[in-house]
Amino acid sequence: MNLKVSDLNIRYGDIHAVVDLSFELPKGEILAIIGSNGSGKSSLLAAVSGQMFGESGEVAGLTGSIEWQGEDVKLPRSRGEIAYVAQSEHIDVHFPINVREIVSMGRFKKQGMLRLESEADSKAIDIALARAGITDLADRSLLALSGGQRKRVFVARGLATDAPLMLLDEPFAGVDVESEVLIIELLVQLASEGKTILIATHNLPTIKTFADKVLAMKNRMLAFGTPEEVTEIV
Amino acid sequence: MFEQLVTFFTEPFAYGFMQYATIASLAGAIVCALLSCWLVLIGWSLMGDAVSHAVLPGVVLAYVVGMPFAIGAVVFAFIAIWMIGGISSPRIKQDAAIGIVFTTLFALGLVLISVTPSQTDLGHIVFGNVLGIGTSELVQILIIAVVVIAVLLIKRRDFTAFAFDRRYLDTLGISSKRLSTLLLALMALTTVAALQIVGVILVVAMLITPGATARLLTNRFNRMLWIAPIVAVISVIFGIYISFYMDVATGPMIVLVQGILFGCAYTASLLRIRKANTATV
């Protein structure tokens with residue numbers, strides 16, 4: 001099923017962060033969302049993931065669509081259908097848990113109230129660690145990892161969710177070349193397996209290597225199309 | 001010699017009030033220690049201070065109308081949190097809001113105590129009176145301890161994820177707001193258990209020190225959940241013996257021992273860091 005965003009508006013007080021945004025992304029494609037700081041990229045991802053209320057508009061394509069109509073807000077819940085990889089600046093790298101425990105959080109929605117790890121959960125976590133290339137780092141804490149390795153931990157947590165839609169906010173910020181290449185290869189592979197992926201990024205030179213579509217925005221849509229089409233316009 | 005040793009260790013417990021005090025202190029200290037592991041990681045130490053002081057008027061009013069202390073405490077804990085949230089703004093930062101709300105509610109509690117005719121000395125709520133704990137108070141502390149420990153253990157992984165990355169839980173469809181509310185309710189209940197031991201003023205020590213001590217001694221959260229209660233139990237045992245033989249206040253002595261253990265852990269962690277740095281050089 002395609003991901004369809006219709007007439008989305010997001011406002012913080014006087015600031016209109018996202019204005020009348022509409023686009024459609026086919027299943028199994030990667031959309032790169034580009035724009036300067038404050039252009040509404042993160043707000044768009046937060047709205048699609050159900051973390052933030054839109055003022056109006058609709059996001060459809062998940063099992064249950066998210067719809068906002070002014071004050072008549074229905075609280076959106078992703079029900080484990082979205083893997084969200086946030087910018088990790090707010091994370092406390094001194095927090096006393098290891099990489100495996102962080103990745104295992106991606107399985108919470110598939111576990112009962114006690115969050116007991118089943119055999120299927122353990123397998124999914126091991127696979128996510130392996131695909132992100134961090135199996136040998138599983139017992140380490142975030143403090144002992146480089147910026148790129150930390151980012152791969154959060155990508156692995158998203159993978160463990162096994163969600164059809166994956167959202168990544170600036171996955172290449174502060175990342176070494178090795179990690180960037182690995183993350184890009186992984187995302188392309190995931191898309192070929194049918195996952196739909198949205199990536200907010202500043203990293204324009206690499207977009208052509210992974211994106212099927214590009215959305216250029218400055219609060220409202222500036223351009224939408226293939227990387228070649230958008231590069232010509234912007 | 002052996003007989004003297006046995007007498008030394010058993011004599012305090014020849015008295016019923018000391019047995020009650022020990023059981024109540026152990027239960028209260030263990031539940032506070034477990035909760036403190038999450039509070040120090042979330043950064044809610046100041047919130048613990050605020051809630052523990054702000055429950056005072058609720059406890060006094062509950063006494064006046066004959067309700068369990070816990071109900072009044074939980075109601076006023078949430079009134080305090082609601083007020084802190086309402087007052088906090090770009091002009092009034094959260095720490096200022098916490099300071100204003102908890103001192104105002106604490107003052108209200110003290111005023112209510114001063115005008116409330118009571119058979120029991122409500123002043124004990126402020127400074128604690130662990131040696132005066134009766135059967136009903138002991139039962140209340142034990143029930144609170146069992147309930148809070150059960151909820152903490154059941155929601156253990158959710159609370160840890162909340163402390164680590166609450167935004168991520170929301171993307172999974174697990175409400176961080178609900179977890180936050182639940183944790184605050186547990187904090188209010190725990191405060192009720194602990195204030196009868198050390199009093200409103202020193203409750204915050206029991207809600208912070210064991211978790212902070214454990215954090216200094218390990219880099220694994222699961223180990224913190226063992227170390228913090230062990231620190232709390234050692235503090236209670238030493239606190240009770242010292243207070244008995246030196247004839248000093250029991251609740252404050254327990255808190256003082258916790259502080260000393262924190263000091264030892266802090267020194268040990270400094271030495272460990274220095275040793276690691278020397279090895280690197």
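Buried area is the accessible area (1.4 Å probe) that two parts lose on being put together, summed over both. The structure is a predicted model, in which local features need pLDDT of at least 70 and side-chain atom pairs count only at pLDDT 80 or more, whereas totals for chains, interfaces and linings use all residues. Residues are numbered from 1 along each chain as its sequence is written, chains are lettered from A in the order in which they are written, and side-chain values use heavy atoms, with hydrogens and water left out.

**Exercise 1. Describe the interface between chain A and chain B.**

Step 1: Taking contact as heavy atoms within 4.5 Å, 32 residues of chain A meet 25 residues of chain B. The area buried between the two chains is about 2,600 Å², and carbon and sulfur atoms give 56% of this area.

Step 2: Between chain A and chain B there are 3 salt bridges, a salt bridge being a side-chain nitrogen of Lys or Arg within 4 Å of a carboxyl oxygen of Asp or Glu. In the salt bridge of Glu101(A) with Arg220(B), the closest N and O atoms are 3.3 Å apart.

Step 3: On the side of chain A that touches chain B, two or more residues come from each of β7 (82-85), α2 (99-104) and α4 (147-161) of chain A, where helices (H or I, at least four residues) and strands (E, at least two) are DSSP runs numbered from the N terminus. By class, this side has 13 nonpolar, 11 polar and 8 charged residues; Ala, Val, Leu, Ile, Met, Phe, Trp, Tyr, Cys and Pro count as nonpolar, Asp, Glu, Lys and Arg as charged, and the others, Gly among them, as polar.

**Exercise 2. Explain which parts of chain A are tied together by the salt bridge of Arg100(A) with Glu117(A).**

Step 1: The search of the whole structure finds 10 salt bridges over all chains. In the pair formed by Arg100(A) and Glu117(A), the closest N and O atoms are 3.1 Å apart.

Step 2: Because Arg100(A) lies in helix α2 and Glu117(A) in the loop between α2 and α3 (119-131) of chain A, the pair ties together parts that are 17 residues apart in sequence.

**Exercise 3. Place Ala86(A) within chain A.**

Step 1: Ala86(A) belongs to the loop between β7 and α2 of chain A. When residues up to four places away in sequence are not counted, Ala86(A) touches Lys151(A) and Asp169(A).

Step 2: Although Ala86(A) and Val155(A) are 69 residues apart in sequence, their C-alpha atoms are 9.1 Å apart in space.
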